[in-house]
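Trainee: Could you take me through one part of this model slowly? I would like a close look at the place where the two chains meet.

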Amino acid sequence: MEKFAHYLTTGWLLEGIVFTLQLTLYGFAGGLLLGLLLAAAQLTRFRPLTFVARAYVVIYRGTPLILQMVFVFTALPHVGISLPPLMAASVALAMNEAAFFAEIFRSGVRAVDPGQLAAARALGLAPKVVAMKVVLPQVARMSVPALGNEAIATMKNSALASIIAVPELTLRTQQLTSATFDYFSIYFSTAVMYLALTGVLTLVQLLVEDALNLDRTTRRSVLSRLVPLQREAPSAPLIASVRPSQPPGPRTIGAPLIRLAGVRKSYGAHTIFDGVDLEIRAGEVVALLGRSGSGKSTLLRMVNGLEDADAGAITVAGMVVGRDDRGRRLTERQAAEQRKLLGIGMVFQHFNLFSHLSARANVSGPLCWTGTPKVDADATAEALLAQVGMAGRADALPRRLSGGQQQRVGIARALAMNPRVLLLDEPTSALDPELVAEVLDVIRGLAHHEGLTMIIATHQLGFAKEVADRVVFMADGHVVEEGPAAEVIEAPSHEITSRFMNAMRAAEV
Amino acid sequence: MTSRRTAAVRAIGILLCAVAALAGCSSTTDAGKPAASSEYADVANSPACTQLRQQHPNLVGKTMTNALNPYTPGYETVDPNDPGRYQGFDIDLGNAIGACLGFSVDYVSVGFSELIPTVSSGRADWILSNLYATKERAQGGVDFVSYSKVFDGILVKNGNPKKITGIDTSLCGLTVALNKGYVEVPLVDAVGPKCEAQGKPAPTTSLFDNSSDCVQAILAGRADAYMNDVNTVNRYIAEHSQDLASADTVMLDYTIGIGVPKNNHDFRDALVGAVTEIQSTGLQGKLAAKWKLDQNAVAQPTVLSAG
């Protein structure tokens, strides 16, 4: 016991900790940076880069770290690269860790809900903004436990640097046991030192996890109490309303705004559209009806460029969606600018709210990210949330809201970008029956708001009849029938339309 | 009590230094600065060494880095009282050679298998680390200048319960602990076919990174025998006299050699001259006695080269 205490306080062993900490720090930080690059390279569409990054991960994950250390230490000097032992070991550690970091980040990115990415694109956010504001925060939060693991693994792996002359803790332990024959007391005291170091790393991991915990609403995290970071700006004064609700007045239907001409689309052998022509006028509210799988969602996604047509053209306000003046396909960034310019908002069947942001931030965030001052963005968010009846839950996370509440926030988010066209993709289909009414109420209010052009894919016949100026019925890749809502729903002229309406009415009863 | 508290305070101080070092100060080890060269003044001032310095002026005033595997008590380990320094027969011999040729010595401590790559890649200038000179090792890119003959001891449990008589068929079916990469590994492996010819199982080798791990394997009953330089073996027996004993001493057909990069003939020839002088004055024998290497037999310095 006395020997154990003696070695626990042996300065020479404690000095070894300095090297162990340096190796851990350099290995972890270097691995983190290189891992980010590798993950990014694997996620790009540029094939050669993906291949190189993939090959790197395979090689570095597939060979023992001890060989990589010896390689950097004794092989690289033959080609003129002679790093000092500490740097050689740090480089080897970082290069090895990078392969694991890359996989952690890649799996994090893959785990981000594709619906949220579609929603972000539909809001007209540039790819960089989507990456920084939607993907990165979620990946970072998801990765913390795995990164904590890697920090500890890096520290333990640093012991391998002992074979290439880095005088770290393990090397000194081995040297001392060889010189003194006090085998067990030295190894035990070294184990205690490692345990203390990894214990600190575990504590740091838990603090970071706590700081990033989204479910903490009332109390502040331990970390934020230590570091006075301002997490949220004081809420802006609530302005009365951005869009004062107007009494339903005479609605003006303007010139054709959206035009589909000979649009074809198929997924493999399955044809969705076989030459669709359709015109929608400014201010018009159109209900899109049809069986599941008749292409209603695909049509909406094509109108705002989330899907590409195989043939034909879709124009909004005279601009071809997803193409430039010369008919060339737009890049993601250009497409985002076009969406913003055209002002097309979208509401999704599964809401697709940004899960890491509160209801308020879901609405104000996209505004802030595109240049609106935070105070104005917050004010707009407050007003819109009030308009959809969600002012009281502005601070709640999406997963704490019911489906109907989430969809109302989704509508507020789409409205925040001040669209002239609003596409609603089966906005009530994922809701429990008792929650449908609250969402339809909100949409009804919007339909009466002058100027907003709306296309609503829906199965709600009664609602369609009430709010829509016109119904478009689709089947077998064509527009089968279109006309005033009451006419198409009550007295369809095609047999296939008639059968559908009867089936829907039977289901509603 | 007071001294323990002082130690604790010092420990905290060092930890604070550790944090400071992380913030940017570099931290290097001054391990094993050569002992005062005056210790070998007689050798340094001998006519032979004076002439050697004139013949090899490139070495004078230099610091030559010795690649060291400091896990062999008596030959090279850290100094337990001052672990920042190395001690042992090879350390003293290296300092004596340095005094003769006019250079000082510093050290880079590496794994046993990394000794030769470290020198052939230019990270160190020479190896003086109880390394047995073999043709296979020379092919790694070094020439050897021999200085000692090899006697191996066989370390066993007290009373030699398995009746081991040498590197022979008495090892059949037994487990032998050995240092990774040591010359004894192929010698023990070569016993295998002889055992099988007698219808017995071949010996199993258990390989470890350093001598103390091998000895722990014997103490823990994981291995039946361990072979290494007889002086090293005797040291372990002295340390664990209740538990360990020597089965036999075997002379191996090897010499212990100093490794130098194979193209550095100037350094190699200077070493031959210096070792010759140190042996002829009896200094090598005195150093062996100082480190209780009773079985150390001086070998004439000859050069072993892979060609």
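Mentor: Happily; here is a walk through the contact between the chains, followed by a look at each chain in turn.

Please keep in mind that this is a predicted model. Let's start with who takes part: chain B brings 38 residues to the contact, and chain A brings 41 residues. Between them, chain B and chain A bury about 3,200 Å², with 65% of that area on carbon and sulfur atoms.

What about charged and polar pairings? Across the interface of chain B and chain A, the rule finds zero salt bridges. Polar contacts do turn up: seven residue pairs are counted between chain B and chain A, with both partners at pLDDT 80 or more.

Now find the elements on the side of chain B that touches chain A. Those supplying at least two residues each include helix H1 (2–22), strand S3 (82–87), strand S4 (104–109) and helix H10 (230–239) of chain B. The largest share comes from H1(B), with nine residues. Sorted by kind, the residues on this side of chain B are 20 nonpolar, 12 polar and six charged.

Let's step back to chain A as a whole. Chain A has 19 helices and 10 strands. Its radius of gyration is 30 Å, well over the 23 Å that the globule rule gives for 509 residues, so chain A is more spread out than a compact globule. You can picture this with a box: along the principal axes, the C-alpha atoms of chain A fill roughly 100 × 50 × 40 Å. Of the 509 residues in chain A, 51% count as buried. Among contacts in chain A with a separation of 6 or more, 72% are between residues 24 or more positions apart.

Finally, go back to chain B and pick out a single residue to practise on. B:Ala274 is found in helix H11 (residues 265–280) of chain B. Is this residue buried or exposed? B:Ala274 has 0% relative accessibility, so B:Ala274 counts as buried. Which residues does B:Ala274 touch, not counting those up to four places away in sequence? They are B:Leu52, B:Ile97, B:Cys100 and B:Leu101. For a sense of distance, try B:Arg137: it lies 137 residues from B:Ala274 in sequence, and the two are 23 Å apart in space, C-alpha to C-alpha.

How values were computed
Residues numbered from 1 in each chain as written. Chains lettered and ligands numbered in written order. Predicted model: local features only at pLDDT ≥ 70, side-chain atom pairs only at ≥ 80, totals over all residues. Heavy atoms only, no water. Contact = heavy atoms within 4.5 Å. Buried area = accessible area lost by both parts, 1.4 Å probe. Salt bridge = Lys/Arg side-chain N within 4 Å of Asp/Glu carboxyl O. Polar contact = N/O pair within 3.5 Å; in protein donor to acceptor, adjacent residues only side chain to side chain. Helix = DSSP H or I, 4+ residues; strand = E, 2+ residues; numbered from the N terminus. Nonpolar A, V, L, I, M, F, W, Y, C, P; charged D, E, K, R; others polar. Rg over C-alpha atoms; globule rule 2.2 N^0.38 Å. Buried < 20%, exposed > 50% of the residue type's maximum accessible area, 1.4 Å probe, protein only.
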